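Here's a quick tour of this model, starting with one helix and moving out to the sheet. Have the structure open as you read.

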Amino acid sequence: MIDRIDHLGIAVNKLEDAIPFYEKALGLKCERVEEIPSQKVRTAFFAVGEVHVELLEPTSDDSAVAKFLKSHGEGVHHVAFHSDDLEAQLAQAKDGGARLINETATVGAGGKRIAFLHPKSTHGVLVELCREGKR
Ligand code: CMX
């Protein structure tokens, strides 16, 4: 069901300060900036082959990313795996001992369906599972 890494989420203090590094120093192109009110973030996406880098800037002090920045500083925030069957993937994760942050998928950037696994149950990495469309 998991067929690729979809994106790496990187927490940054300000998109406008971080985007130039990816564009000028790495030569990548910012495809789009998108605000996701439900996650309290603004995001910027860069394609690297079929994988993306997603920069995450908090839009509120009580957002998950603001809390992460306070405790960890800027850096890798999550790894997102693409799955062709999100419901079955979540059931497998639960059976395998992962703690589901989202029991059912919610809508994230680009209209994708997303769900997170708690880092305390995944050897320290916040894991996102995602898929386009309805299932
Ligand atoms: N990666 C690894 N560890 C992390 C982490 C992360 N991104 N975020 C928190 N943790 C660790 C903390 O360091 C802490 O560990 P210690 O107890 O050893 O210090 C522990 O997790 C805290 O866990 P908690 O008290 O249960 O939860 P928090 O209130 O800190 O929230 C989390 C953490 C993962 C449950 C919360 O951030 C969450 O629900 N995330 C999912 C949603 C999200 O991240 N949205 C933003 C991105 C949206 C997008 O990509 O579009």
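## The outward side of H1

This is a predicted model, so treat what follows as a reading of that prediction. Start with helix H1: Asp17, Lys24 and Ala25 are exposed, on the other side of the helix from its buried residues.

## The buried side of H1

Now flip H1 around. Running over residues 15-25, H1 has Leu15, Ala18, Ile19 and Tyr22 as its buried residues. Why do they sit on the same side of H1? Because they cover an arc of only 105° around the axis.

And what covers those buried residues? Strands do part of the job, including S1 (2-11), S2 (30-36), S3 (41-48) and S4 (51-58). Past the end of H1 comes Gly27, with a positive phi near 75°.

## The sheet

Zoom out and you get an open sheet of eight strands with mixed pairing, in the order S2-S3-S4-S1-S5-S8-S7-S6. S2 and S6 (106-107) are the edge strands, each pairing on one side only.

Take a look at the S6 end. S6 pairs with S7 (residues 113-117) in the antiparallel sense, over two bridges. Thr106 has Ile114 in S7 as its bridge partner.

## H3 across the strands

One more helix to pick out: H3, residues 86-95, lies across S1, S5 (75-83), S7 and S8 (127-131). Against S7, H3 runs at about 5°. S1 turns up twice in this tour, then: S1 is among the strands that cover the buried residues of H1, and H3 lies across S1 as well.

Methods: Residues are numbered from 1 along each chain as its sequence is written. This is a predicted model: local features need pLDDT of at least 70, side-chain atom pairs count only at pLDDT 80 or more; totals for chains, interfaces and linings use all residues. Side-chain values use heavy atoms; hydrogens and water are left out. Buried means under 20% relative accessible area, exposed over 50%, partly exposed in between (1.4 Å probe, protein chains only). Helices (H or I, at least four residues) and strands (E, at least two) are DSSP runs, numbered from the N terminus. The arc is that of the directions from the helix axis to the C-beta atoms. Contact means heavy atoms within 4.5 Å. Two strands pair if DSSP finds at least two bridges between them. Axes are lines fitted to C-alpha atoms, for helices over the stretch in contact, and angles run from 0 to 180 degrees between N-to-C directions.
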